[in-house]
Amino acid sequence: MSDILVTEQSQPGADGSGRPSGRLLEVDDLRVEFRTRDGVAKVINGVTYHVDAGETLAVLGESGSGKSVTAQAVMGILDTPPGFVTGGQVRFHGKDMLTMSTEERRRIRGEGIAMIFQDALSALNPVFTVGFQIAEQFRIRRGIGRAEAKKRAIEMLDQVKIPNAKGRFSNYPHQFSGGMRQRAMIAMSLALDPEVLIADEPTTALDVTVQAQIMDLLAELQRERQMGLILITHDLGVVADVADRIAVMYAGRIVEEADVYELYGKPAHPYTLGLLDSIPRMDEKGQQLRTIKGLPPNLMNIPPGCPFNPRCPMAQPVCREKLPPLLQIGSGRASACHFAEELVNRD
Amino acid sequence: MGRYLLRRLLQLVPVFIGTTFLIYWLVWSVPGDPFAGKCGDRRCPDTYINFMTEKYQLDESIWVQYATYMKNLFQGDFGLTYNSRDVGDIIAAAYPNTLKLALVALAIEAIIGLGAGVLTGLRRNGFLDNLVLVSTLFLIALPVFVIGFVLQWLLGVKWGIIHPTVSSEMRLSELLLPGFVLGSASMAYVARVARTSIAENRRADYVRTAIAKGLPMRRVVGVHLLRNSLIPVVTLLGTDLGALMGGAIVTEGIFGINGIGRAVFRAIVTKESATVVSIVVVLVLVYLLMNLLVDLLYAALDPRIRYE
């Protein structure tokens, strides 16, 4: 397709070197709040991350950490009200999407940045066939005729390895199994060959064997198409194999960002450490699972200082007073902990 | 699908027999003498009464009368009035008028009600939303004859925009006001149901998906959102046709329309049981068929509903 935006030469792997404008997608100091009757919840408090072509960024965090809301703000599908973007930028090819016209922004959706959702059953329209919903992309966005659009939709179903794609074209979402439905969702989001794909917990609603298949499929398609992939998940097991970099979120902030091996090997934030510790392990069978004590903070009343301090086993007086900024430590990794250096350098 | 349809049609048979018998029994039990006042000031002669009693099987039991009536009905014979007029003719004269009026009412109800519902459902708490909420409440609260007489007087008499009554030609332009009056309450309900349905589905995941696909807003609303929100509205509209026809008597009276309302009223007053029963029987048929149509429409709108 010639009408796809031409990708500027981006610089994969150049993270940590300031902020050059060659990035594919950059989120810069994004702030989102939810204004409800009970008060204002500060859901995103200055999130900064980026993804380049051919790169996979995993965004990790508990429910309520703001990882999905960030993605919704990037896509421009935030429920407004109650959600409002109150600051920051979302740059696609260096251009801020938050100040674009509605029409300009709409054109980026699906074609520049596409998204797949957690629960494909509710995310697909129940009253239209799966084929219709994929072919719609070709017909409406590209002005392609019905017959040709159908052919291409079947090709897409084929690409995501749905058996008997031709016969499945006219099935409804409820006639698909969970895994097949998520495949169809992927086919739909990739129809216009987007440069960035945001996958919001794409495997959470699936059982474990199907999860692995879907992750493999996503990784494969990402390699083939050299897409930037933002993988939002709370499952550390899912990200290990596919992610290049991981950004860990807590209370609407990135608390640690690192290369996947570094993060797993030597976490530089006590929250990451806690998350890694809470993965069940085969060699600790029969023992109680380790958890992070306490609950995530109430976003209407985030504790002063480091938001993690009430749950942090390493908390010092300074943690209750000063908010630690996200600082570079070493090459290409950053942590928002007053004691990041100590954490990394311990044995 | 074919089997489902056949089963549904078979289900109509006992319902049809049950309802028609109830109506027949009801009219049969109404006290009074059909021949009172038939022969001027004097009592009718015995020969006439005997002849009529024989002809209309009036001394038979209700079972025999009902069976005869049904037998004739299935042969397309609605029976005769006591003046030997064919009831079929009365129905043929009155029904099309009422049907026309009801269809105009239904169309107004669907277009205005649905339009208002969609607009307000998308933008809740705006000026338009409040306007619609207040005006629908107004329409629901006011009896049809008040709305009818007020509008007839305002538009037809005071301002002279329209002719206050409907001519026997029943032109569409003449039927707009009576149609609006007849459908006003239902229109208000349609607007409210559509509003709720749209507002509910607006936040649905699949709507978000449609936006994330980069579809233009009018397609997101007009295709993805509307199709899902139509189901409760279709129920309301489908079952309403029968209610509109049955409830048209007041509107027909106000605007001088020669419909079934007037016919059935006259028949009740003159104890013409065959006419009353026949008009209601046709109304029952309309109800039953519209119900079936609604069920079939459901499945067309929502493929998750299966015929099994």
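Here is a walk through this two-chain model, from confidence to the sheet in chain A, then chain B and the contact between the chains.

What you have is a predicted model, in which local features need pLDDT of at least 70 and side-chain atom pairs count only at pLDDT 80 or more, while totals for chains, interfaces and linings use all residues. Residues are numbered from 1 along each chain as its sequence is written, and chains are lettered from A and ligands numbered from 1 in the order in which they are written.

Let's start with confidence. The score is pLDDT, the predictor's confidence in each residue, from 0 to 100. Chain A averages 86, with 93% of its residues scoring at least 70. Among its elements (helices are DSSP runs of H or I with at least four residues, strands are runs of E with at least two, both numbered from the N terminus), strand 6 of chain A, residues 113–116, has the highest confidence at 94. The lowest is in helix 9 of chain A, residues 236–242, at a mean of 80. Be wary of residues 1–21 of chain A, where pLDDT stays under 50. For that stretch the model has 30 contacts beyond four places in sequence, a contact being two residues whose C-beta atoms, placed from the backbone, lie within 7 Å.

Now for the sheet. Chain A has an open sheet of 8 strands in the order 6-7-8-3-9-10-12-11, with mixed pairing; two strands pair if DSSP finds at least two bridges between them. Strand 6 and strand 11 (327–328) of chain A are at the edges, and each has a single partner strand, so one side of each is left without a neighbour in the sheet.

Strand 3 of chain A, residues 56–60, is worth a stop. Which strands does strand 3 of chain A run parallel to? One is strand 8 of chain A (residues 228–233), joined to strand 3 by 5 bridges, and here A:Leu60 has A:Thr233 as its bridge partner. The other is strand 9 of chain A (residues 245–250), joined to strand 3 by 4 bridges, with A:Ala58 standing opposite A:Ile246. Strand 3 of chain A is also mostly covered, with 5 of its 5 residues buried. Buried here means that 20 or more other C-beta atoms lie within 10 Å of a residue's own, against 12 or fewer for exposed and in between for partly exposed, with C-beta atoms placed from the backbone. A:Thr56, A:Ala58 and A:Leu60 point one way from the strand, A:Leu57 and A:Val59 the other way, and all are buried.

Further along, helix 11 of chain A (residues 270–277) has A:Pro270, A:Tyr271, A:Thr272 and A:Leu275 buried. Their cover includes helix 9, strand 9, strand 10 and helix 10 (260–265) of chain A.

A few backbone oddities deserve a look. The loop between helix 1 (67–75) and strand 4 (83–92) of chain A holds A:Pro81 and A:Pro82. The peptide bond from A:Thr80 to A:Pro81 is cis, with omega near -15°, and the bond from A:Pro81 to A:Pro82 is cis too, with omega near 10°. Then there are two positive phi values in residues that aren't glycine: about 50° at A:Asp29 and near 50° at A:Ala251. A:Asp29 is in strand 1 of chain A, residues 25–36, and counts as exposed because it has 12 C-beta neighbours inside 10 Å. A:Ala251 is in the loop between strand 9 and strand 10 (253–259) of chain A, and counts as buried because it has 24 such neighbours.

Over to chain B. Its domain assignment, with bounds that come from an automatic or database source, gives domain 1 (18–77) and domain 2 (94–301). Their C-alpha centres lie 37 Å apart. The contact between them takes 8 residues from domain 1 of chain B and 7 residues from domain 2 of chain B. On the domain 1 side there are 5 nonpolar, 3 polar and no charged residues. In this scheme Ala, Val, Leu, Ile, Met, Phe, Trp, Tyr, Cys and Pro count as nonpolar, Asp, Glu, Lys and Arg as charged, and the others, Gly among them, as polar.

Finally, how do the chains meet? In all, 20 residues of chain B are in contact with 22 residues of chain A. On the chain B side, helix 8 (205–212) and helix 9 (217–246) each supply at least two residues, and helix 8 of chain B gives the largest share, 7 residues. By class, that side of chain B has 8 nonpolar, 4 polar and 8 charged residues.
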